[in-house]
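Colleague: I am new to this structure and would like a close look at one part of it. Could you walk me through the place where the two chains meet, and then what lies behind it?

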Amino acid sequence: MELVATAQFRRAMERAVAAGAYSERIVRLVGDLARAGGDASHPLLDERESSKKAVLLILTANRGMCGGYNGGVLRTAVARLEELTRTFEEVELYVVGKRGFSYLTYRDYKIARSFFDFEDKPTFAEVDAIASELLERYQTGEIDRLDVVYSKFYSISKQRPSAETILPLTELAATDGDESAEDAPSESRLQFEFLPSPRSVLEEIVPTAFRAKTFKCFLDAAVGEQIARMVAMKAATENADEMISSLTTTYNRARQGQITNEILEVVGGANALS
Amino acid sequence: MKCVAVTPEKTVVERETKFVVVPLYDGEYAIGVGHTPVVGRLGAGELRLTLDDDSVERWYVEGGFVEAANDVVSLLTTRACKFSELDLNEATQALNDALNRPATSPELREIKTKAVATARARVRAAEKAARR
């Protein structure tokens with residue numbers, strides 16, 4: 001299973017890296033926009049005043065055998081859920097993965113939607129269906145906030161369960177400021193012509209950034225799951241090897257003890273007869 | 001001049017070109033060597049790449065952005081496929097789905113208009129691909 005997890009991890013990792021190029025370009029484009037002097041205001045970027053309904057999207061695995069992966073994510077999720085219930089009248093749960101579903105139903109949480117078709121390679125179309133639905137509900141004012149809990153990927157040796165607010169997309173507004181403040185290399189200081197206008201480009205880029213962000217969460221979760229499984233299975237294999245060697249030793253000792261005993265008995269018997 | 005098209009999943013196109021025609025939100029826009037730096041909003045439609053040997057490669061892209069600077073044209077799009085991979089039935093189905101969406105509030109109407117426009121563009125592209 002360690003080998004299977006390793007192979008799946010490689011695939012998931014490749015996909016995550018490929019997706020990185022897209023998000024990177026989006027961030028760069030937002031930076032260019034900010035430098036072009038367009039003020040970055042967009043309905044998806046502003047905090048809502050009303051606090052009627054929030055959605056919490058929880059990304060867990062379909063299968064276990066991956067150490068503390070699901071547990072970590074679910075603990076963070078429950079903490080965030082309690083936080084949200086304090087501020088919002090109603091909190092809907094969207095759960096991805098059988099593990100999360102059974103954990104939460106067992107604890108009597110009401111789950112609005114659940115998805116079990118995501119494995120180690122979520123496709124953009126699949127994720128986009130969920131993202132679009134949520135985006136639409138946010139735009140029409142049906143929900144006021146969307147949080148996601150997933151295992152965030154920092155490096156191969158470090159992933160942490162993390163809870164983030166993705167609608168409103170305050171993160172993007174923050175990158176805006178950073179980008180314009182930092183000293184960009186001269187090549188990206190080009191004066192761009194915007195078609196039709198910086199505002200219109202911004203209008204389009206915010207939903208795109210949201211979709212890309214959601215997709216990245218799914219990819220991070222997939223990579224995190226495979227890494228967790230790989231580590232857990234490696235530990236299990238090593239543990240089993242160790243157990244086998246200690247059991248073999250015990251078995252050999254017992255057998256040798258028995259043989260020695262029998263020889264002593266035979267020798268004792270022969271001595272008694274002579 | 002280099003042309004790069006990326007979707008959230010992967011880099012779809014990365015090649016040397018002579019001339020690129022991109023589908024902007026309101027019509028086609030051509031980019032040649034030495035074009036002024038530009039950022040544009042893409043619509044759904046045909047992306048035409050004229051390669052170094054004067055052959056033309058056709059792609060279908062759906063929404064996103066194009067950025068041209070320093071003789072590199074980069075497209076960020078949610079969906080990109082070869083023209084020949086378009087499926088007319090699937091596109092027509094998508095158009096019907098879009099037409100059946102509710103439009104009971106201004107926000108929903110806006111979402112619907114956009115979905116319908118995108119689906120129409122895909123049907124047009126698929127029909128064009130079928131004629132070839």
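Modeller: Happy to; here is a walk through the contact between the chains, followed by a look inside each chain.

Please keep in mind from the start that this is a predicted model. Let us begin with the contact between chain A and chain B. Chain A brings 31 residues to it, and chain B brings 31 residues as well. Together the two chains bury about 2,700 Å² between them, and carbon and sulfur atoms give 64% of that area. If you want three residues to find on the chain A side, try A:Tyr22, A:Leu195 and A:Glu204: they supply 24% of the area that chain A buries against chain B, more than any other three residues. Two of these names, A:Glu204 and A:Leu195, will come back below.

Next, the charged and polar pairs. Between chain A and chain B there are 5 salt bridges. One joins the side chain of A:Glu204 to that of B:Arg41, with N to O at 3.0 Å. The interface of the two chains also has 10 residue pairs in polar contact, counting pairs with both residues at pLDDT 80 or more.

Which elements of chain A give two or more residues to the side that touches chain B? They are helix H1 (2–35), helix H4 (124–139), strand E6 (193–195) and helix H6 (198–273) of chain A. H1(A) gives the most, with 10 residues. Sorted by class, this side of chain A has 16 nonpolar, 6 polar and 9 charged residues.

The strands deserve a look of their own. E6(A) is joined by 3 bridges to strand E5 (residues 38–50) of chain B, and the two strands run parallel. In this pairing A:Leu195 stands opposite B:Gly40 in E5(B).

Now follow E5 into chain B. That chain is divided into domain 1 (2–83) and domain 2 (86–131). Their C-alpha centres lie 22 Å apart. Where the two domains of chain B touch, 10 residues of domain 1 are in contact with 8 residues of domain 2. The domains bury about 750 Å² between them, with 56% of it on carbon and sulfur atoms. On the domain 1 side, B:Tyr60, B:Arg79 and B:Phe83 supply 57% of the area buried against domain 2, more than any other three residues.

The domains of chain B have 2 salt bridges between them. In one of the salt bridges, the side chains of B:Glu46 and B:Lys128 meet at 2.6 Å, N to O. Across this interface there are also 3 residue pairs in polar contact, again with both residues at pLDDT 80 or more. On the side of domain 1 that touches domain 2, at least two residues each come from E5, strand E6 (56–69) and strand E8 (79–82) of chain B. By class, that side of domain 1 divides into 4 nonpolar, no polar and 6 charged residues.

To finish, step back to the whole structure, which holds 28 salt bridges over all chains. A:Glu92 and A:Lys53 form one within chain A, their closest N and O atoms being 3.0 Å apart. This pair links distant parts of the chain: A:Glu92 is in strand E2 (residues 90–96) of chain A and A:Lys53 in strand E1 (residues 53–59) of chain A, 39 residues apart.

Methods: Residues are numbered from 1 along each chain as its sequence is written. Chains are lettered from A and ligands numbered from 1 in the order in which they are written. This is a predicted model: local features need pLDDT of at least 70, side-chain atom pairs count only at pLDDT 80 or more; totals for chains, interfaces and linings use all residues. Side-chain values use heavy atoms; hydrogens and water are left out. Contact means heavy atoms within 4.5 Å. Buried area is the accessible area (1.4 Å probe) that two parts lose on being put together, summed over both. A salt bridge is a side-chain nitrogen of Lys or Arg within 4 Å of a carboxyl oxygen of Asp or Glu. A polar contact is a pair of N or O atoms within 3.5 Å; within protein, one must be able to donate a hydrogen and the other to accept it, and residues adjacent in sequence count only if both atoms are side-chain atoms. Helices (H or I, at least four residues) and strands (E, at least two) are DSSP runs, numbered from the N terminus. Ala, Val, Leu, Ile, Met, Phe, Trp, Tyr, Cys and Pro count as nonpolar, Asp, Glu, Lys and Arg as charged, and the others, Gly among them, as polar. Two strands pair if DSSP finds at least two bridges between them. Domain bounds come from an automatic or database domain assignment.
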